[in-house]
Amino acid sequence: MDVLFGRNKKEQLEPVRAKVRGKIPTWLQGILLRNGPGMHTVGETSYNHWFDGLALLHSFTIRDGEVYYRSKYLRSDTYNANIEANRIVVSEFGTMAYPDPCKNIFSKAFSYLSHTIPDFTDNCLINIIKCGQDYYATTETNYIRKIDPQSLETLEKIDYRKYVAINLATAHPHYDSAGNVLNMGTSIVDKGKTKYVIFKIPAAVPDRTEGKGPMKHTEVLCSIHSRSLLNPSYYHSFGITENYIVFLEQPFKLDILKLATAYIRGVNWASCLTFHKEEKTYIHIVDQRTGKPVSTKFYTDPMVVFHHVNAYEEDGCLLFDVIAYEDSSLYQCFYLAHLRENSEESSRVTCVSALKRFAVPLCVDKNAEVGSNLIKLASTTAGALKEIDGQVYCQPELLCEGLELPRINYAYNGKQYRYVFAAEIQRRPIPNKMIKYDILTKSFLKWEEEDYWPAEPLFVPTPGAKDEDDGIILSAIISSDPQKPPFLLILDAKSFTELARAYVDVDMHLDLHGLFIPDADLALRKQAPSQEVQDRASEHHVASQT
């Protein structure tokens, strides 16, 4: 595995033409844009964790049956500071950095005070999101970075805190039918309270607010108070239906007091996360129409969820599917010391991922007997048991095991659906297969090839598609064999058979998440002013009135 994780990846600044084998569908025109860590060593210093690496953007431009590849490091403030110093000077979640190791004790104490609630990194390495006609690289801090999806140039730095009071935010927002962005973030001890904040960024700006960008119209939909002031839950994603938002307050918690003292104690922020196996996982359901949580208290057994798959409403119930773990050990597997070792035992996954379906009754019958199952759906074996104190214990249905990085046909997001496209994880945390899972028949279709490692499978629908799985799957494939070049894989989503692959002679990295931008969306983007231009226009408009 040292081939995959043992060295920094090189940028491919100029587009390189891929060698295509097979036939790419003629309708597939656009850019597959992906994000993930690419540099783990700066000078003589190294990051501890794979998720700490500096963000490397890469793209596959697909037009008229041809594919062109390019990659570029995100020129974040973090990247620039590290490169200028020729060592790691900005802390990441698994690596605490000290800008000047020769400081005396008084200087260190002053630095400690500035790190109490730290100004987190803008190394946005996890995902790419769309906001209006713009695209942003994201991570789980309060910063996102606007990028040019064609040149991969790094543009404005956006601080969510200017628009909503949060210190952390997910890199997995949702988009409603109008294109508005729905996301969640954690507000740490703000005015004496720690809250989970659900907010919306509009896709477009109303005409009457000329000059103001979408970010300035960010709206808080709901705030959920953390059950603990100093120990908020960690979460990577959340679920959404047509009318509701699903949030899991899981017992994988961030200790704020440990976070505040991590710098002076010489430990990383990851050490401030603890899984409390004796505690419950609380299920919060928020009504989007009222902005208020459903009053019934729902909970389930302790678990750790990184990725929600989908959620939908059926006959007075809300069903949601997640990839769940019994503990937080998966995060430990991605420390580079484990990944770089050839021994399977060093990074063996000790906790198997499980695709679980939960069912929550949206209206609880007050006259229902204690211990009775409130779920009467024929479509699932998931249950919800009423307890004597009025709380409801939710028992999931186990759909399958061994999946991660789930994607769906996003046209079915928040709706009843059938197919999950995912990577398969077995003994090690790095996937070596791609899966199409049929929830209805509980059957699998698989793609695999020796010495190759697939990234997250991304579904792109066929124009005018009527079936849920009418489309193609895109995945960037890398190899642990230096003699085997990486390629973009294109599968038929129905049959899960290969249509084409596009080989590129580059040093490609294993990425995390991303999106596909159709050419039609790129054309719209050229017509719209940027967030920075809109914000400047707004400031000029205000100045001219004063």
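**Exercise 1. Cysteines**

Determine how many disulfides a search of the whole structure finds, then examine Cys 317 and Cys 222.

*Solution.*
Step 1. Apply the criterion: a disulfide is a pair of cysteine sulfur atoms within 2.5 Å.
Step 2. Searching the whole structure gives zero disulfides.
Step 3. Check Cys 317. Its nearest cysteine sulfur belongs to Cys 363 and is 9.5 Å away, and Cys 317 is in no disulfide.
Step 4. Check burial. Buried means under 20% relative accessible area, exposed over 50%, and partly exposed in between, with a 1.4 Å probe and protein chains only. Cys 317 is buried, with a relative accessible area of 5%. Cys 222 is buried, with a relative accessible area of 5%.

The model is predicted: local features need pLDDT of at least 70, side-chain atom pairs count only at pLDDT 80 or more, and totals for chains, interfaces and linings use all residues. Residues are numbered from 1 along each chain as its sequence is written, and side-chain values use heavy atoms, leaving out hydrogens and water.

**Exercise 2. The protein as a whole**

State the secondary structure content, the buried share, the contact pattern and the accessible surface.

*Solution.*
Step 1. Count elements. Helices (H or I, at least four residues) and strands (E, at least two) are DSSP runs, numbered from the N terminus. The protein has eight helices and 39 strands.
Step 2. Take burial. Of the 546 residues, 57% count as buried.
Step 3. Take contacts, meaning heavy atoms within 4.5 Å. Among contacts with a separation of 6 or more, 63% come from residues 24 or more positions apart.
Step 4. Take the surface, by the Shrake-Rupley method with a 1.4 Å probe. The accessible surface is about 23,100 Å², and carbon and sulfur atoms hold 50% of it.

**Exercise 3. A four-stranded sheet**

Give the strand order of the open sheet that contains β24, and explain why one side of each edge strand lacks a neighbour.

*Solution.*
Step 1. Set the rule: two strands pair if DSSP finds at least two bridges between them.
Step 2. Read the order. The open sheet runs β24-β25-β26-β29, with antiparallel pairing.
Step 3. Find the edges. β24 (304-314) and β29 (397-401) each have a single partner strand, so one side of each has no neighbour in the sheet.
Step 4. Add the twist. From one strand to the next, it averages 20°. Axes are lines fitted to C-alpha atoms, for helices over the stretch in contact, and angles run from 0 to 180 degrees between N-to-C directions.
Step 5. Look at one pair. β26 (residues 354-361) and β29 are antiparallel over four bridges. Leu 355 stands opposite Cys 400 in β29.

**Exercise 4. Salt bridges**

Count the salt bridges, then locate three pairs and judge the burial of each partner.

*Solution.*
Step 1. Define the pair: a side-chain nitrogen of Lys or Arg within 4 Å of a carboxyl oxygen of Asp or Glu. The structure holds 29 salt bridges.
Step 2. Take Arg 21 and Glu 498, which meet at 3.5 Å, N to O. Arg 21 lies in strand β2 (residues 19-22) and Glu 498 in strand β38 (residues 498-503), 477 residues apart. Arg 21 is partly exposed at 44% relative accessibility. Glu 498 is partly exposed at 31%.
Step 3. Take Asp 511 and Arg 34, at 2.9 Å, N to O. Asp 511 is in the loop between β38 and β39 (513-518), and Arg 34 is in strand β3 (residues 30-39), 477 residues apart. Both Asp 511 and Arg 34 are buried.
Step 4. Take Lys 146 and Glu 156, at 3.9 Å, N to O. Lys 146 is in strand β10 (residues 143-147) and Glu 156 in strand β11 (residues 154-159), so the pair ties together parts 10 residues apart in sequence. Lys 146 and Glu 156 are both buried.
Step 5. Look for shared partners. Arg 21, Glu 449, Glu 498 and Arg 501 are joined into one network.

**Exercise 5. Strand β39**

Explain why β39 is largely enclosed, and identify its pairing with β3.

*Solution.*
Step 1. Five of the six residues of β39 are buried, so the rest of the structure largely encloses β39.
Step 2. β3 and β39 are antiparallel over six bridges.
Step 3. Ile 31 stands opposite Ile 517 in β39.
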